[in-house]
Amino acid sequence: MRRTLVAVGCLCLGLSAGWSTFASAADRHMVQLRRMNEQEYRRSIADIFGPQISFAGMFEPDLRIDGLNSTSTTVLSITPSGFSALSAVADTIAAQVVNEKNRAKLIACKPKSDKDADHACASQVIAQYGELLYRRPLKPEEVAAKTKLADDLAKSKGNFYEGLRYGLASLLQAPDFLFRIEFAVRDGKEYTLDPLSRASRLSYLLWNTAPDAELLRAAQSGELGTQGGVAKQVDRMMASPRLESGVRAFFSDMLQLDTFDNVTKDTLIYPKWASSVAEGAKEDTLRTVVDITLRSNGDVRDIMTTPKSFINRKLAAVYGIPFDFSGEWMPYQFPAESGRVGILTRISMLSMFSHPGRSSPTKRGVAVMDIFLCEPTPQPPANVDFSVVEDTSGPLKTVRERLNVHATNPTCASCHNHSDPIGLPLEEFDSLGMHRTTENGQPIDVSGDLMGKKFNGAPGLGQALHDNPRFPACLARKLYAYGVGANTEDVKPATFKASYDAFVKDGYRLKTLIKTLANSPEFFRAPAPSKAAPAPTKTASNN
Amino acid sequence: MMRFAKKFDRRILLRGLFQGSSVAVAVPFLDCMLDTNGQAFAATGKKIPHRFGTYFWGCGLTKQLYLPKSAGQDWELTPQLASLKPFKSKFNLVSGMRVPLDDNPNFQHWSGNAAILTGIAPTQANSFDAPTLDQTIGDAIGRGTRFKSIEVACSGIKSESFSSLGGKNMNPPETSPMALYKKLFGAGFQDPQRPDWKPDPQVMVQQSVLSTVAEDRNRLMGEVGANDRARLEQYFTSVRQAEQQIQAELQRPEIVAKVDIPTDPGEMPVSKAVPTLQRVVPLIAKLVAIGLATDQTRVFNVALSESASTIFMPGDSKPFHQTTHEEAIDPVLQYQLTTSKFSTYSVEMFASLLKELDSVPEGDGTLLDHMLLLGYTDVSFAKIHALDGIPMILVGGANGRMKGGHHIDGRGDPVSRVGLTIQQALGMPAANWGKFSLTTNKPISEILV
């Protein structure tokens, strides 16, 4: 950590030259603000100050738009309660950075006296951490303003570190930290992100955290403005263990694993349910995906057919398998007769897309279409009578029989005929994901249909998804939307075509997709300045 | 309006009128008992501020069980409202008002909710076309308190709040009694009843930190593109509100009620199961009541559930919303039996909120007499997402500005009349409210004093 800081300290000396090159470019304009989400915030703090910094607080929820939470980062802002909470968290973090336990490690200079302001030392620390937090070097007047705060409070409190604490806290609640602010410059006839904004975009896509010192260096030297410079940094980042954080963050979003936060199961019907089951189920899914895509560098489509899983004691109880393993997570291969093929047959996906007390083929089918095929389902019409779907006391015993009623109503049929035959093959798993063979005493028919391809049961569904070209295309589309903060539905195929083609050609390896996307000019493409943007007013002197 | 000396006391007035004889009279509330901001005075001469709150539940009520046979002041309490009996003289039931959508679609479980809170039929799902009523009211009556508003999601869903400065950004709610306790009575709280109350010196420090943060405004507003302008403005509004909150912490709140500060309720299960909610809601209600009485906030929003409510009864496999759509209408009863039970639970939990608010004595009455509370839902008949006749319940005396005990038959008028009535009762200078077909200049004058 100390080494990083020294490196950053050196960077700061060169900052005014590097920064002004971009700042003075006449065509440079702000492209978008992206609100950091909780995971990005936590990873950034841990990487900048170290994992020993702990904090709890309320982070504002994301909002899923067109299948991705990341899209909402370009739509949402920070509300008053959200800001108050972040303000408190900022102070908690800053207090720990300067406390006696951490200061030797985290504060790179020693003040002349602990009991008084030391402008030079405070200013150095503000500039160091400011650069890492803002993902760009601070302008001299920014360093001056925050240092003045630190100096004033150090004097009034008679304590250098107390003053510094508030200087750092002001950085931690600044818009430049809480939002990733992206700028673009002219690139021939078009616009592209400036090198520092490229550094952030790369860092949050690949690592889900703030750019490190080396990435900031490459930005300031101008290397990230060139294709070769980008390629070099992408290679370095792909080789880092931090890539796993980036991949986990992407799949958490794409697979909608945060849905679990709002899932309650009826514990009268499912006594094995507990929120720890949800946590475990999420982790199982992420470990499985990481194992296939990163550790084995395999075909990402295999997540639909893999029998391999990772289970802990809680999950083992739900799956009904013995847990004889000394560690926390036991690699486990489901036997063929279990019917558990692919991530759709694990507790996470099965229980997230169910009701508290019963399974829902429609919810499951709709989720598969949205998550893996980029085919969102419209809201049902407002005025529909579903009564017959409900009545288990009548002649229609299974949900399949009851759902078939939809087929008789053309308005309903237009959607249910797509979603239900995808969900019905999963009916041998109940609302919690436990195996069953009958529903209300009737055997369950698990025949299914995915866009005209007929199959049987969960293994058939997994294979059909594996073989459907829409799945990898949807994945590539979502990765692009996730990386740039766009709406999945608005993404133009041309923007991710090159990376998608390389992905297909290389046997659907996720690493190839990420790498080619991060190297493609489209990943950094920016819109022209908006015409309606107000002319800079009295703030010109700050620019 | 005449201006009386601030120490004016209506008991003095009564003594003057009746020469001190003990005559039980209904005390009339006169404008001259309010100061120029419409605030009431307690017997001590201290001001009692206006307060406003909302209670939201999803999926409506059962017309056959809640709608009284007659309107006006003489109406019989219906089975679904039975739990509100102790408060019958303190609330008004509003039925029969409409949500005209103009050219907008009926966004299921959203349009009704948003129209009631903004006076505008929403143009997008899950997005408000204007700040919600509580926020507008908070700007008018919430000055000088630690929190402009407090949001609570009883079933623990992080995104379940219907309070917003506009757009898709909802004010994030507290999601458990413990979180609500910490917000109101945790760090930063000082009991205003204590003689040794003094401003925390740390507050001044935070103030200088925030003013440094606010300095970034000019630089960024000059650079930001048109798309993100409103978002950046919202961020700086939030910074300003944090500054105001800190300013408020430097001032000892002048309070009238004498209350015991609650203790930390601790961790407990929070979920959408009805029995859990029945345990959690009264605790939340108590905390909200004491938060108001100690003037930590004057505005609150309590949501029982999300709009398409998924509250459920353990052992029954289907939650509320799904039941509304799938349950058959009983041929004899002419309504959906299970659905109606969920609606009744929702009203009962509203009653448990009122109970706490009415049990805090304050000045010449209770907290409930000095506030206004809107209980509302998103639809009238959930099975078909009907928006005609969404039931609304207005509770509280609004410091003498609102009467109770009425059933108002809305006769197809726009729901925005309720929002307008609320603003006028709270002394806000609103002559009309709402947009397009929801525009109204007609408050419900029968219940305004």
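The exercises below, each with a worked solution, concern a predicted model.

**Exercise 1.** Determine the strand order of the open four-stranded sheet in chain A, and explain which strands stand at its edges.

*Solution.* Begin with the order, which reads β1-β2-β3-β10 in chain A, the pairing being antiparallel. Next, count partners: β1 (29-35) and β10 (525-526) of chain A each have a single partner strand, so each stands at an edge and has one side left without a neighbour in the sheet. The link between β10(A) and strand β3 (residues 190-193) of chain A consists of two bridges, and these two strands run antiparallel. Within this pairing, Y191(A) has A526(A) of β10(A) as its bridge partner. Finally, look for what packs on the sheet: helix α10 (residues 195-206) of chain A touches β1, β2 (179-187), β3 and β10 of that chain, and its direction makes about 130° with that of β2(A).

**Exercise 2.** Work out how strand β9 (residues 372-376) of chain B is covered, and on which strands it is bridged.

*Solution.* Take burial as the starting point: five of the five residues of β9(B) are buried, and the strand is thus described as mostly covered. Then separate the residues by direction, since L372(B), L374(B) and Y376(B) point one way from β9(B) while L373(B) and G375(B) point the other way, all of them being buried. Turning to the neighbours, strand β3 (residues 52-56) of chain B runs parallel to β9(B) and is joined to it by five bridges, with T54(B) standing opposite L374(B). Strand β10 (residues 392-395) of chain B, by contrast, runs antiparallel to β9(B) and is joined to it by four bridges; here L373(B) stands opposite V395(B).

**Exercise 3.** Locate the nonpolar surface patch that includes L337(B), and classify the accessibility of that residue.

*Solution.* The patch is formed by V332(B), L333(B) and L337(B), which together have about 270 Å² of accessible area. L337(B) belongs to helix α11 (residues 337-358) of chain B. Its relative accessibility is 35%, and because the partly exposed class lies between the buried limit of under 20% and the exposed limit of over 50%, L337(B) counts as partly exposed.

**Exercise 4.** Summarise chain B as a whole, from its secondary structure to its surface.

*Solution.* First, the secondary structure of chain B comprises 12 helices and 11 strands. Second, of its 449 residues, 60% are buried. Third, among contacts in chain B between residues at least 6 apart in sequence, 70% join residues at least 24 apart. Last, chain B exposes about 17,300 Å², of which carbon and sulfur atoms supply 53%.

Conventions
Residues are numbered from 1 along each chain as its sequence is written. Chains are lettered from A and ligands numbered from 1 in the order in which they are written. This is a predicted model: local features need pLDDT of at least 70, side-chain atom pairs count only at pLDDT 80 or more; totals for chains, interfaces and linings use all residues. Side-chain values use heavy atoms; hydrogens and water are left out. Two strands pair if DSSP finds at least two bridges between them. Contact means heavy atoms within 4.5 Å. Axes are lines fitted to C-alpha atoms, for helices over the stretch in contact, and angles run from 0 to 180 degrees between N-to-C directions. Patches are made of residues with over 30% relative accessible area and no salt bridge: like charges are joined within 9 Å, nonpolar side chains (Val, Leu, Ile, Met, Phe, Trp, Tyr) within 5 Å. Accessible areas come from the Shrake-Rupley method with a 1.4 Å probe; for residues, only the protein chains shown count as cover. A salt bridge is a side-chain nitrogen of Lys or Arg within 4 Å of a carboxyl oxygen of Asp or Glu. Buried means under 20% relative accessible area, exposed over 50%, partly exposed in between (1.4 Å probe, protein chains only).
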